[in-house]
Amino acid sequence: MGAGGTWLERVSRLLSRSLSDLNPFRGEEPYVAVDLGSSTIKVLEVQGRATELRVRGAARGLTPATGIQNNVVVEVSAVAEAVRFLCESAGIRAKKAITVVPGPAVIIKRLTLPAQSEQELENTILLEAGNFIPEELDNVNLDYQVTDYLDEGRRMEVLVVAAKKDMVSSYVDALREAGLLPVVVDVDYFALENMFELNYEPPPGRAIAVVNIGSRYSAINILKNGRSTFTGDVPVGGRDITESLMRDLNISFEEAEALKAGHPVDPSIMDHAGPVLEIAAGAVIDEIHHALSFFWTAATDETIDHIYLSGGAARMPGLASQLAERVGAPVDLADPFAHLTISSEVDRQTLKEQAPEFAVAAGLATRRPNDK
């Protein structure tokens, strides 16, 4: 199934599937999930089935300073070397890789169409795609999924995903040069959904927002009744907080990163850090609150019942409590390893401290080729 050309020669599907739709994994072949972020790279080796995953290796490191720009890997060799180093340092032996492309670089469209055959639907998708994709269809990877049937099967909801081929290729090429074999490419929005489904069972009827605060943008996926109902992003992230701390406290990048993560810093810095931290966090919270209000509350007249935060800046002191007060809903740090077994070979304490940063990688770890 699919449309508009190949997708990694059809070994991968861009559109992520709900965990409830996955077939049980066959065998115990290890895979490595690779989250190529603009600021950090996370690698996670796993083995097992969707609900019985074991982490065999994990590592994170800085992305080369100019390695990824405008959601494209522009320095393939430098990024590949960084991935290779992380895999070697963590003792990762798996070669089949699952990776991710950034949501802001992907076009996602939800369509409601009359029920039709698979062949008719493929033709309809191609026709509809020409109306909302500002590219020649030959230049994009296009995929779709029927997510629901309405009116006793007379109508269908379809999720369409499109991404520029050259953008996807830049991520795939980096992994291949690192000695890995990319077998699945996902979107960070959907990886967050799979991470959440793997670790949590929200009460029916409640709207849950999973917010991943990345370096340059924050990804949002709102889930209700086991389905993703909204995906989007806001153009602020951890780097904005770091730059604010560096500027307003006159401190180094390393000191700002430590302060943001809640690590001890020089007492003279801490004496003045409180108000600056609150202001820096407030700018990010404003954008997240605006997105949740504009795209969800205003459109549905419903409230968000719970928020789960992930990403490097999620651990920033006071950020979760400030967001909870602003939105009027509980806010918790997501634990992407809550239902995963951690191998004794892995530094569990370090992984626990870094856990929110591995939310996307953990979601990727649930994916396998030929997911249905």
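How many aromatic pairs does a search of the whole structure find? In this predicted model, the search turns up four. The legends below take in some of those rings and then step back to the whole protein.

**Figure 1. Phe 196 and Tyr 200 make a stacked pair.** The ring centres sit 5.1 Å apart and the planes meet at 20 degrees, which is under the 30 degrees cut-off, so the pair counts as stacked. Phe 196 is buried, with just 2% relative accessibility. Tyr 200 comes in at 18%, and because buried means under 20%, this residue counts as buried too. The pair isn't on its own, either: ring pairs join Phe 196, Tyr 200 and Tyr 308 into a cluster.

**Figure 2. Phe 337 and Phe 358 form a tilted pair.** Here the rings are 6.0 Å apart, centre to centre, with 50 degrees between their planes. The two partners come from distant parts of the chain, 21 residues apart. Phe 337 belongs to the loop between β15 (331-333) and β16 (341-342), while Phe 358 belongs to the loop between α9 (348-354) and α10 (359-364). How buried are they? Phe 337 has a relative accessible area of 9% and is buried, and Phe 358 is buried at 0%.

**Figure 3. Lys 109 lies over the face of Phe 132.** This one is a charge over a ring rather than a ring pair. Lys 109 is 5.9 Å from the centre of the Phe 132 ring.

**Figure 4. Helix α4 is largely enclosed by the rest of the structure.** The helix covers residues 188-199, 12 in total. From first C-alpha to last it reaches 17 Å, close to the expected 16 Å. Of those 12 residues, 11 are buried, so there's good reason to call α4 largely enclosed. Among the buried ones are Asp 188, Tyr 189, Phe 190, Glu 193 and Asn 199, and also Phe 196, the ring that stacks with Tyr 200.

**Figure 5. Stepping back, the protein has 10 helices and 16 strands.** Its radius of gyration is 20 Å, close to the 21 Å from the globule rule for 372 residues, so the protein is as compact as a globular protein of that length. The C-alpha trace spans about 70 × 50 × 40 Å along its principal axes. Buried residues account for 53% of the 372. Take the contacts between residues at least 6 apart in sequence, and 68% of them join residues at least 24 apart. The accessible surface is about 16,400 Å², with 48% of that belonging to carbon and sulfur atoms.

Notes:
Residues are numbered from 1 along each chain as its sequence is written. This is a predicted model: local features need pLDDT of at least 70, side-chain atom pairs count only at pLDDT 80 or more; totals for chains, interfaces and linings use all residues. Side-chain values use heavy atoms; hydrogens and water are left out. Rings of Phe, Tyr and Trp (its six-membered ring) pair if their centres lie within 6.5 Å; planes under 30 degrees apart count as stacked, over 60 as edge-to-face and the rest as tilted. Buried means under 20% relative accessible area, exposed over 50%, partly exposed in between (1.4 Å probe, protein chains only). Helices (H or I, at least four residues) and strands (E, at least two) are DSSP runs, numbered from the N terminus. A charge sits over a ring if NZ of Lys or CZ of Arg is within 6 Å of the ring centre and within 35 degrees of the ring normal. The expected span of a helix is 1.5 Å times one less than its number of residues. The radius of gyration is taken over C-alpha atoms; the globule rule is 2.2 Å times the number of residues to the power 0.38. Contact means heavy atoms within 4.5 Å. Accessible areas come from the Shrake-Rupley method with a 1.4 Å probe; for residues, only the protein chains shown count as cover.
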